[in-house]
Amino acid sequence: MPSFDTVLEANFVEVKNAVENTAKEIGTRFDFKGTSAGIELKDKEITLFGDAEFQLQQVEDILRNKLTKRNVDVRFLDIGKPQKIGGDKLKQIVKVRNGIDSENAKKLQKLIKESKLKLQAAIQEEKVRVSGAKRDDLQAAMALIRKDVADLPLSFDNFRD
């Protein structure tokens, strides 16, 4: 039975490269000299450091530019609120989304059921497997998902015939 998986996965090699390039640019820019502006990556979390919210916004803009140049969708970023870390310094946690959470997986499943296509959608951990009898139905489901779920950078893999 033909099937495909709907996944939400960022290319972490490119994310790491973008963070390193951002750190390099922060180190060389004149407006960041003598400040606590910085960026670091641990697991799937990027931490931005700065002296003020404006500076955090600048670091975030640099990161977005570097990610875009490396073809990583910025919709993978889940940006948190700035937090004080002592003195006048701030930090901001940016999570890199990986895997479809249960709420969005249920939305996808419901979308496919309501489409009147002869398909089944099964939630499997952090992905949604869509299977059906016809390859054309699967391709129609891919188009439907791309059109209706614009807030998530979903991709499709493991297409089996």
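Here is a walk through this predicted model, from the whole chain down to single residues.

Let's start with the big picture. The protein chain contains 4 helices and 9 strands. If you trace it from the N terminus, those elements come in the order β-α-β-β-α-β-β-β-α-β-β-α-β. The radius of gyration is 20 Å, well over the 15 Å that the globule rule gives for 161 residues, so the chain is more spread out than a compact globule. You can see that in the outline too: along its principal axes, the C-alpha trace spans about 65 × 25 × 25 Å.

What about inside and outside? Of the 161 residues, 39% count as buried. The chain exposes about 9600 Å², and carbon and sulfur atoms supply 47% of that area. As for charge, there are 30 positive and 27 negative side chains, and the centres of these two sets lie 2 Å apart. Now think about which parts of the sequence meet each other. Take the contacts between residues at least 6 apart in sequence: 59% of them join residues at least 24 apart.

Time to zoom in on the strands, beginning with β1, which covers residues 3–7. Is this strand enclosed or open? 5 of its 5 residues are buried, so β1 is largely enclosed by the rest of the structure. Both of its faces are covered: Ser3, Asp5 and Val7 are buried on one side, and Phe4 and Thr6 are buried on the other.

So who are the neighbours of β1? Strand β8 (residues 127–132) is joined to β1 by 4 bridges, and the two run antiparallel. Strand β9 (residues 155–160) also pairs with β1 in the antiparallel sense, over 4 bridges. Thr6 is a handy residue for spotting both pairings. Thr6 stands opposite Val128 in β8, and it also stands opposite Phe156 in β9.

Next, move along to another set of strands. Strand β2 (residues 38–42) and strand β3 (residues 45–50) run antiparallel and are joined by 5 bridges. One pair to look for is Leu41, whose bridge partner in β3 is Ile46. Strand β3 has another partner as well: 6 bridges join β3 to strand β6 (residues 90–96), again antiparallel. Here you can find Glu45, whose bridge partner in β6 is Lys95.

Now look at the turn in the hairpin of β2 and β3, which has 2 residues between the strands. Asp43 is found in this loop. Its phi is near 50°, a positive value in a residue other than glycine. With a relative accessibility of 74%, over the 50% cut-off, Asp43 counts as exposed. For another case, go to Asn71, in the loop between α2 and β4 (77–79). The phi of Asn71 is near 60°, also positive in a residue other than glycine. Asn71 is exposed too, with a relative accessible area of 73%.

Let's turn to the helices, starting with α2, where Leu63 is found. Is Leu63 buried or exposed? At 1% relative accessibility, Leu63 counts as buried. Leaving out residues up to four places away in sequence, Leu63 touches Ala18, Val19, Thr22, Ile39, Ile46, Leu48 and Leu77. You've met Ile46 already, as the bridge partner of Leu41. Leu63 and Asn21 are 42 residues apart in sequence, but their C-alpha atoms are 8.4 Å apart in space.

Stay on α2, which spans residues 53–69, and find Lys66. This lysine has 16% relative accessibility, so it counts as buried, given that the cut-off is under 20%. Beyond residues up to four places away in sequence, Lys66 touches Ala18, Asn21, Thr22 and Glu25. Two of these, Ala18 and Thr22, are also touched by Leu63.

Last stop: Ala140, in helix α4 (residues 135–148). At 34% relative accessibility, Ala140 counts as partly exposed, a label for values between the buried and exposed cut-offs. From Ala140 you can look across to Val130, 10 residues apart along the chain, with 11 Å separating the two C-alpha atoms.

Key: Residues are numbered from 1 along each chain as its sequence is written. This is a predicted model: local features need pLDDT of at least 70, side-chain atom pairs count only at pLDDT 80 or more; totals for chains, interfaces and linings use all residues. Side-chain values use heavy atoms; hydrogens and water are left out. The radius of gyration is taken over C-alpha atoms; the globule rule is 2.2 Å times the number of residues to the power 0.38. Buried means under 20% relative accessible area, exposed over 50%, partly exposed in between (1.4 Å probe, protein chains only). Contact means heavy atoms within 4.5 Å. Accessible areas come from the Shrake-Rupley method with a 1.4 Å probe; for residues, only the protein chains shown count as cover. Lys and Arg count as positive and Asp and Glu as negative; His and the chain ends are not counted. The place of a charge is taken as NZ of Lys, CZ of Arg, CG of Asp or CD of Glu. Two strands pair if DSSP finds at least two bridges between them.
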